[in-house]
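The following exercises concern the organisation of a two-chain model. Each task is followed by a solution that proceeds step by step.

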Amino acid sequence: MSGRSEEFREFARDRGWPLQQTAYLLCGDWHAAQDVVQETLIKAYRHWPRVKRAGNPDAYVRGILLNEVRDRWRRPEKAVPVAHFAAEPAVPDASDDIARRDRLRQALLELPLQQRMTVVLRYLEDQTQVETAKLLGCSEGTVKSQSSRALGTLRTFLTRTESKL
Amino acid sequence: MKSPEEIRLSHDLHRIVDVRPGDLDIDAIERSGQRQRRRGLAVRGLAGVAVLGVAVVGSLAAANHSGTAGRVAGQAAARTPTGKAAVQPASPANVETVAYVEKHIAATASNLDNYLVKSVSNTSSVGTPSVEITIWTDPRTGNTMLQQGSGAGRLTYWEHDYFDSDRVLQSDQTQVNYGPRTWWKYDMQGDGPVQGPVPSGPVGGDYPGPAQVKQWLDSGVGKIVGHPYVDGHQTVELSISAGSVEVHAIFADVHTYQVVRSIKYFGPQSDAPPITANYQWVPRTSAMVKLVNNPVIPAGFTQVPVGD
């Protein structure tokens, strides 16, 4: 097995699952998330020397993933229809927490893509504002304002849907 | 410093993604990466050949006048700049056509009995949220088990369809509703004896076996539109159109030719969103076979009239 292959496989094994988690919250569908991550990793493999030269393969590949999601958003015919349903295993009792998280997931999908990316990077991946700004190619101020707007929208959505129950 | 709201959001997001649907197929990703990389190199090589080709045309014209110069350029054109032979076109015997793919899908018929088919799809409705439905089919019996929802909305539904000795279609249906802890059973009967011969083999089932794929392909004109990765499978994607409207897309694994995804479109006249179904071909286990073919009523559940 070549050096490229060994290094890449180790990277894919290590980072494949966190990338899928990020992609899932951005796409709202596990199948679409896997497709996005596969495309991302294929691109990373093709340009592995460049990925390594970048110094931080994780950030570089996450950048590829965000571009892949943006690209799919621009080509709706390639996007997998979003399933508006809880992906958690069915359980015999109605749990408020599960229902609330499902509503949160739906609310997240209602956000504009840039705000959704900001929320996922900040609150799932725990990236700092500086790192988030770098990954999204915007200023820290934009990250702050996008986070604030997104939190406001999520709060409103959750309040509205809770009052309907 | 994060606010309590942000901390709770972070916690909830981690819980939402705390469901591992399956590992990535790193071998397949690597193979595809290698293929694309080779293709990229080959395309760059061919671009070199094209440039040299232009030179050949010019130099051949010049050779008519100047002797050996054109022949030297022509010899150089036979190789890429890296010295390797240029990419050869696919052999006609290996050309992938819709008929070729359909033939390979048809060949999976002999193997169907080795699997249970799990289909996960969305419903398509206008004005109400789509819901996710899981249907298990046993190709040996045609029996299906449908699961939908979670919590109070969870239900499981079994259906067994068959022709009786009078050639009348029968459909035995059972549903368990976990919210109200009830169940019902309904044996539906067809209007009368079926005209013509009774179909051989299992009647029911909801899975993209060869017969289903043939029916889809017969509904329009198929064409191959790509080879995307779907759920870890490299697939061949067939688009089926009626007139200028796409009605179906089918994604078959390029190694097994089992269909792993189908998309049904409703056309520009309808607001209904497409239905996407993802299929897993699961090896048969006795426990799962029993579950799909035999309704299970949980203890303490009350039988109610159908539809309640």
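**Exercise 1. Determine the share of long-range contacts and the make-up of chain A.**

Step 1. In chain A, 59% of the contacts with a separation of 6 or more join residues 24 or more positions apart; two residues are in contact if their C-beta atoms, placed from the backbone, lie within 7 Å. The model is predicted: local features need pLDDT of at least 70 and side-chain atom pairs count only at pLDDT 80 or more, whereas totals for chains, interfaces and linings use all residues. Residues are numbered from 1 along each chain as its sequence is written, and chains are lettered from A and ligands numbered from 1 in the order in which they are written.

Step 2. Chain A has eight helices and zero strands, where helices (H or I, at least four residues) and strands (E, at least two) are DSSP runs numbered from the N terminus.

Step 3. Of the 165 residues in chain A, 39% are buried, that is, 20 or more other C-beta atoms lie within 10 Å of their own.

**Exercise 2. Carry out the corresponding analysis for chain B.**

Step 1. Chain B contains six helices and 13 strands.

Step 2. Buried residues amount to 24% of its 308 residues.

Step 3. For chain B, 53% of the contacts with a separation of 6 or more link residues 24 or more positions apart.

**Exercise 3. Locate the largest nonpolar core and identify its contributors.**

Step 1. A nonpolar core is a set of buried Ala, Val, Leu, Ile, Met, Phe, Trp, Tyr and Cys residues joined through C-beta atoms within 7 Å. The largest one has 41 residues, and those with the most contacts inside it include Ala23(A), Val36(A) and Leu65(A).

Step 2. At least two residues each come from H1, H2, H4, H5, H6 and H8 of chain A, and likewise from H1 of chain B.

Step 3. Leu65(A) touches Leu19(A), Thr22(A), Ala23(A), Val36(A), Val37(A) and Thr40(A), not counting residues up to four places away in sequence.

Step 4. Another core, of 28 residues, lies apart from it, with Ile133(B), Met145(B), Val213(B) and Ala249(B) among its members.

**Exercise 4. Describe the packing of H4(B) against H5(B).**

Step 1. The axes, lines fitted to C-alpha atoms over the stretch in contact, come within 8 Å and cross at roughly 155 degrees.

Step 2. H4(B) is therefore roughly antiparallel to H5(B), a term for angles over 145 degrees.

Step 3. Glu102(B), Ile105(B) and Ala106(B) of H4(B) meet Pro210(B), Val213(B) and Leu217(B) of H5(B).

Notes:
Buried ≥ 20, exposed ≤ 12 C-beta atoms within 10 Å, placed from the backbone. Axes fitted to C-alpha atoms, helices over the stretch in contact; angles between N-to-C directions. Parallel < 35°, antiparallel > 145°, perpendicular 65-115°, else oblique.
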